[in-house]
Amino acid sequence: MQIDPYGVWSDIQAIKKNSPLIHNITNYVVMEHTANSLLAIGASPVMAHALEEVADMTMLANSLVLNIGTLSPLWIQGMMLALKAANSKGIPVVFDPVGVGATPYRTQAAQSILNQNPVTVIRGNASEIVSLNENQVVSKGVDSLINSSDYQEQAKILAVKNECVVWMSGQTDVITDGHSSNLVHNGHPLMCKVTGMGCTATAITGAFLAINKNPLLGCTHAALLMGIAGEIAAEKCHGPGSFKLAFIDTLYTLTLDEIEGRLRVETL
Amino acid sequence: MQIDPYGVWSDIQAIKKNSPLIHNITNYVVMEHTANSLLAIGASPVMAHALEEVADMTMLANSLVLNIGTLSPLWIQGMMLALKAANSKGIPVVFDPVGVGATPYRTQAAQSILNQNPVTVIRGNASEIVSLNENQVVSKGVDSLINSSDYQEQAKILAVKNECVVWMSGQTDVITDGHSSNLVHNGHPLMCKVTGMGCTATAITGAFLAINKNPLLGCTHAALLMGIAGEIAAEKCHGPGSFKLAFIDTLYTLTLDEIEGRLRVETL
Amino acid sequence: MQIDPYGVWSDIQAIKKNSPLIHNITNYVVMEHTANSLLAIGASPVMAHALEEVADMTMLANSLVLNIGTLSPLWIQGMMLALKAANSKGIPVVFDPVGVGATPYRTQAAQSILNQNPVTVIRGNASEIVSLNENQVVSKGVDSLINSSDYQEQAKILAVKNECVVWMSGQTDVITDGHSSNLVHNGHPLMCKVTGMGCTATAITGAFLAINKNPLLGCTHAALLMGIAGEIAAEKCHGPGSFKLAFIDTLYTLTLDEIEGRLRVETL
């Protein structure tokens, strides 16, 4: 698999051109930031969670984003209905198991979603990925306690088990289908000082899956966009407050030249 | 009807002086941005949705803002109770039928709200307005698929049907009571790249209705404020991230001179 | 009690070093801003409210933040379970009675929380504090109608009644355990033009309580951090939009020198 700046750029152009509708069932904390990130790259976000309409909305969408950050029983039921609808129509699905491992309810909810119907991509930090595999690591809130490079194997195990692509975020991002893996080295520590950057990565993955038929490639392109935009924003800002808006600005203004100058990816 | 900068300015000064309390039952995505926009113009926002208090809160308010963006059954029930309370006390109401036409549940919820009690203003994009009239257009998320200038007639039909003012947003904003209409040409394309600018227009309308007894005039002033602030913010920003905050800054700092220099309105 | 810049600084360093986990059950409007404020000072925020996990999450946390801004019955039940869990393990609790006095339901919910289990700190504006004492003042939304300096006595009464520390926000902040009181004179009027600055003060108090065993001192340090960061941000911004992000930036970059140059506190 060839990962190069032109492939990333081509996907970004396709998102701008087609403006795919991304149905997000996500947490309260990050809704605005993820909606603005999707708009900035040219996608069209919609948020809807009521049992009464969630399947109908998914059927209109080009991809589905599920995020359990502020889960509750009705929202999990809504996710189940949306996931079933997405599967029935072949709509790609990204799943973000926020905070899995922190509480039994959260772990159980994530497992019941994954056991019900396949997802296209799981994106989480290392402690969340390991928790999905082993059910034994307690995460410290939504932060990763584990150095992701030590845990590449765990990402592969989860990918094989769920027959999906796994994107494990960390200092190095691991994107794998269990057989091929890409390591993305772009990014900046300030990204951990703004809430919802992981959730934003998940939402943006939804946009890439909507226009790229290869989830491993689309997911890797999304990771590169996130990491490169994060680096540029970090250079322009004065702290995490101005970082957040510089990140959105950069998603909107990013050029092929900037991608070419910064892309750092390894294919294994 | 005379629309001039002094009328807009006079309403803005009245909002700053009286700091009207605006009760918002709105969607999760835009709550913070609409609250900050209301604070920036000098109004006092409150958000409350529980069935147990929603009518009591409305009775304290100077206007009520209803927005179905992330609707669910309990929230719609809350909106019904608040609307009834507002009507019982003559408190003006703005209704934003976000995404109407996208799903049957959403369309049904909007219709049941409108059938129950009168509202003062309906604000939506062209596809939402047409959906309320015809129940047949499927919107692409919350984006308008229809050029609003082609659909002025639809705004008039809805205004007559509901005996209210309709503000149809788009490149040109149409504000009509079914008989007289004002066309506002201010605004900037970046406003479509930030989530919740339509919802913010709705919330700000609530503030104008609270201090201006003429809804057609108040609504037109609100549309001019939104459009002019959007133009100024677009000139100061580097993308949609910085646009969002420049917009709030501009709402706070806008001068009569800036309004005089930019106002572009037609009265039909 | 000695309040000096070194004590404030020492607490800030301890938060950065220990990165305490702060469990927030708070309102929809301010979730993102409070999470970002906690991250900016080095704490680790988590938001979870489902009855099925709320106690488990609290047991993992170093402090608990309860805020009734957009309350509803299930959320209040969740707060009750979390509070009970926190008390069982000696985890400090901050309670923000947003809008108490505005509606009977809100007042009743706040009282039932306070009657159930002790809290470490109550933080509110003067009208909220007085409402908790007297049940008779109707607040204008969440804004304070009462000059806080006239109401120091009310803060003391509430502190004695609930055997806790009370932080009454206003132009002058009063922090008292009913016997000793500290008055913080730092702050800036723009802080009232951004939603959720009070809620952010509450959340940040959670971080200070997690690392400082003396709630009166920790709370006073939190008030000084808020006020000083607010002053610095006000000097850097162009309105409430840019204020909001400058405030987060300042939380992240604040130096001991800046604290020394600005701290204005009285011990009574």
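Let me begin with a term: pLDDT is the predictor's confidence in each residue, from 0 to 100. The model I am presenting this morning is a predicted one, and that score tells us where to be careful. In chain A, pLDDT stays under 50 over residues 137–143. For that stretch the model nevertheless has 30 contacts beyond four places in sequence. Across chain A as a whole the average pLDDT is 94, and 94% of the residues score at least 70. For the complex, the predictor gives an ipTM of 0.94 together with a pTM of 0.96.

I turn now to the fold of chain A. Its sheet is open and has nine strands, with mixed pairing. Reading across the sheet, the order is β2-β1-β3-β4-β5-β6-β7-β8-β9. Which strands form the edges? They are β2, residues 44–47, and β9, residues 265–267, each of which pairs on one side only. Direction ignored, neighbouring strands of this sheet are turned by 20 degrees against each other on average.

Two helices of chain A deserve mention here. Helix α2, residues 31–40, packs on the sheet and touches β1 and β2 of chain A. The direction of α2 makes about 155 degrees with that of β2(A). Helix α9, residues 215–236, also packs on the sheet. Its contacts are with β5, β6, β7, β8 and β9 of chain A, and its direction makes about 20 degrees with that of β6(A).

Strand β6 of chain A also offers a pairing to examine in detail. Residues 165–169 form β6, and three bridges join this strand to β7, residues 173–176, of chain A. The two strands run antiparallel. Within this pair, V166(A) has T176(A) as its bridge partner in β7(A).

Finally, the interface. How many residues does the contact take from each chain? Chain B provides 30 residues and chain A provides 28. Between them the two chains bury about 2400 Å², with 62% of that area on carbon and sulfur atoms.

As for polar interactions, there are two salt bridges between chain B and chain A. One salt bridge links E53(A) to R106(B), and the closest N and O atoms are 2.5 Å apart. The count of residue pairs in polar contact between the chains, both at pLDDT 80 or more, is seven. On the side of chain B that touches chain A, the elements giving two or more residues are α2, α5 and α10 of chain B. Of these, α10(B) gives the most, with five residues.

How values were computed:
Residues are numbered from 1 along each chain as its sequence is written. Chains are lettered from A and ligands numbered from 1 in the order in which they are written. This is a predicted model: local features need pLDDT of at least 70, side-chain atom pairs count only at pLDDT 80 or more; totals for chains, interfaces and linings use all residues. Side-chain values use heavy atoms; hydrogens and water are left out. Contact means heavy atoms within 4.5 Å. Two strands pair if DSSP finds at least two bridges between them. Helices (H or I, at least four residues) and strands (E, at least two) are DSSP runs, numbered from the N terminus. Axes are lines fitted to C-alpha atoms, for helices over the stretch in contact, and angles run from 0 to 180 degrees between N-to-C directions. Buried area is the accessible area (1.4 Å probe) that two parts lose on being put together, summed over both. A salt bridge is a side-chain nitrogen of Lys or Arg within 4 Å of a carboxyl oxygen of Asp or Glu. A polar contact is a pair of N or O atoms within 3.5 Å; within protein, one must be able to donate a hydrogen and the other to accept it, and residues adjacent in sequence count only if both atoms are side-chain atoms.
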